[in-house]
Amino acid sequence: MTAPAEDYVELGGSWRPAWIAGGFAVLCVVLELALPGPDLPLFAWAALAVVVAIATSGSLAGRRLWTVRVVGTGEESELSVGRERVALTEVDADHLRALESGVDAGAPVLGGGWSIPKGCTGLPLRLADGRTVLVPTRDPDALRAALLTAKGTLEP
């Protein structure tokens, strides 16, 4: 059995900080080997390793916690943010269709966390039980269109 194709994926983080820190570490190693003179102290190498580890773990955490996916169509469609999942059958399509912009103050953020991540806006979703949750996204219009398409309402 094959997995359904993903209709919409918005990555929650970038590997750019990890690549920059790793590239700087490689440059330091090359300069250490190529240039004459005293070696870099051990604490400087340890500090460089800590910076690379922090940049890499931050990139990985952003990807795991804040990646938004809309998978499937119709009754089997699902929205996931990090580990949290919401079946699109629970989403109020009329509210989503009428929604233009804005954030519902005080609503919990889907995926966890205290607030919307930096650089994102919150797309409010009203669920069937009356609760409203915020979906962190960098492109609310594209996510809204993907949700409506996956839900089976082809007119965004």
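Helix H4 turns several of its residues inward, and its buried residues are Leu143, Arg144, Ala146, Leu147, Leu148 and Ala150. This helix has 12 residues and reaches 16 Å from its first C-alpha to its last, which is close to the 16 Å expected at 1.5 Å a residue. After H4 comes Gly152, whose phi is positive, near 105 degrees. The model in which we see this helix is a predicted one, and the description that follows should be read with that in mind.

To place H4 in its surroundings, it helps to step back to the whole chain. The secondary structure of the protein comes to four helices and six strands, and along the sequence these follow the pattern β-α-α-β-β-β-α-β-β-α. Of the 156 residues in the protein, 34% are buried. Among the contacts with a separation of 6 or more, 63% are accounted for by residues 24 or more positions apart. The accessible surface comes to about 9800 Å², and 61% of that surface belongs to carbon and sulfur atoms.

Which residues have the most contacts inside the largest nonpolar core? This core has 23 residues, and those with the most contacts inside it are Val70, Leu79, Leu96, Leu125, Val135, Leu143 and Leu147. The elements that give two or more residues to the core are strand E2 (68–71), strand E3 (78–81), strand E5 (121–126), strand E6 (132–137) and helix H4 (140–151). The largest share, five residues, comes from H4, the helix with which we began.

Leu125 offers a good view of the core from one residue. Leaving aside its neighbours within four places in sequence, Leu125 is in contact with Leu79, Val91, Leu96, Arg131, Thr132, Val133, Val135 and Leu147. One of these partners, Leu79, stands opposite Val86 in E4. Strand E3 and strand E4 (residues 84–87) run antiparallel and are joined by four bridges. The hairpin of E3 and E4 has two residues between the strands, and in this hairpin Gly82 takes a positive phi near 65 degrees.

A second hairpin is built from E5 and E6, which run antiparallel and are joined by six bridges. Five residues lie between these two strands, and Gly130 in the turn has a positive phi of about 95 degrees. Across the pair, Arg126 has Thr132 in E6 as its bridge partner. Is E6 mostly covered or mostly exposed? E6 is mostly covered, since six of its six residues are buried. Both faces of the strand are covered, with Thr132, Leu134 and Pro136 buried on one side and Val133, Val135 and Thr137 buried on the other.

The loop between E5 and E6 is the place of Arg131, which counts as partly exposed because its relative accessibility is 45%. Not counting residues up to four places away in sequence, Arg131 touches Leu125 and Arg126. The C-alpha atoms of Arg131 and Pro108 are separated by 9.2 Å, although these residues are 23 residues apart along the chain.

Arg126 also leads us to helix H3 (residues 93–98), where His95 is found. His95 is in contact with Pro124 and Arg126, once its neighbours within four places in sequence are left aside. With a relative accessible area of 18%, His95 is buried.

Helix H2 has 25 residues and reaches 36 Å from its first C-alpha to its last, close to the 36 Å expected at 1.5 Å a residue. Its buried residues are Leu48, Ala55, Ser59, Gly62 and Trp66. Leu60 also lies in H2 (residues 42–66), but at 33% relative accessibility Leu60 counts as partly exposed. Leu60 and Ala18 are 42 residues apart in sequence, and their C-alpha atoms are 9.1 Å apart in space.

Finally, we can turn to the cysteines. Cys28 counts as buried because its relative accessibility is 17%, and Cys120 likewise counts as buried at 17% relative accessibility. A disulfide is a covalent bond between the sulfur atoms of two cysteines. How many disulfides does a search of the whole structure find? The search finds zero disulfides.

Conventions
Residues numbered from 1 in each chain as written. Predicted model: local features only at pLDDT ≥ 70, side-chain atom pairs only at ≥ 80, totals over all residues. Heavy atoms only, no water. Disulfide = S-S within 2.5 Å. Buried < 20%, exposed > 50% of the residue type's maximum accessible area, 1.4 Å probe, protein only. Contact = heavy atoms within 4.5 Å. Areas by Shrake-Rupley, 256 points an atom, 1.4 Å probe, with all protein chains shown as cover. Core = buried A, V, L, I, M, F, W, Y, C linked by side-chain atoms within 4.5 Å. Pairing = 2+ DSSP bridges. Expected span 1.5 Å × (residues − 1).
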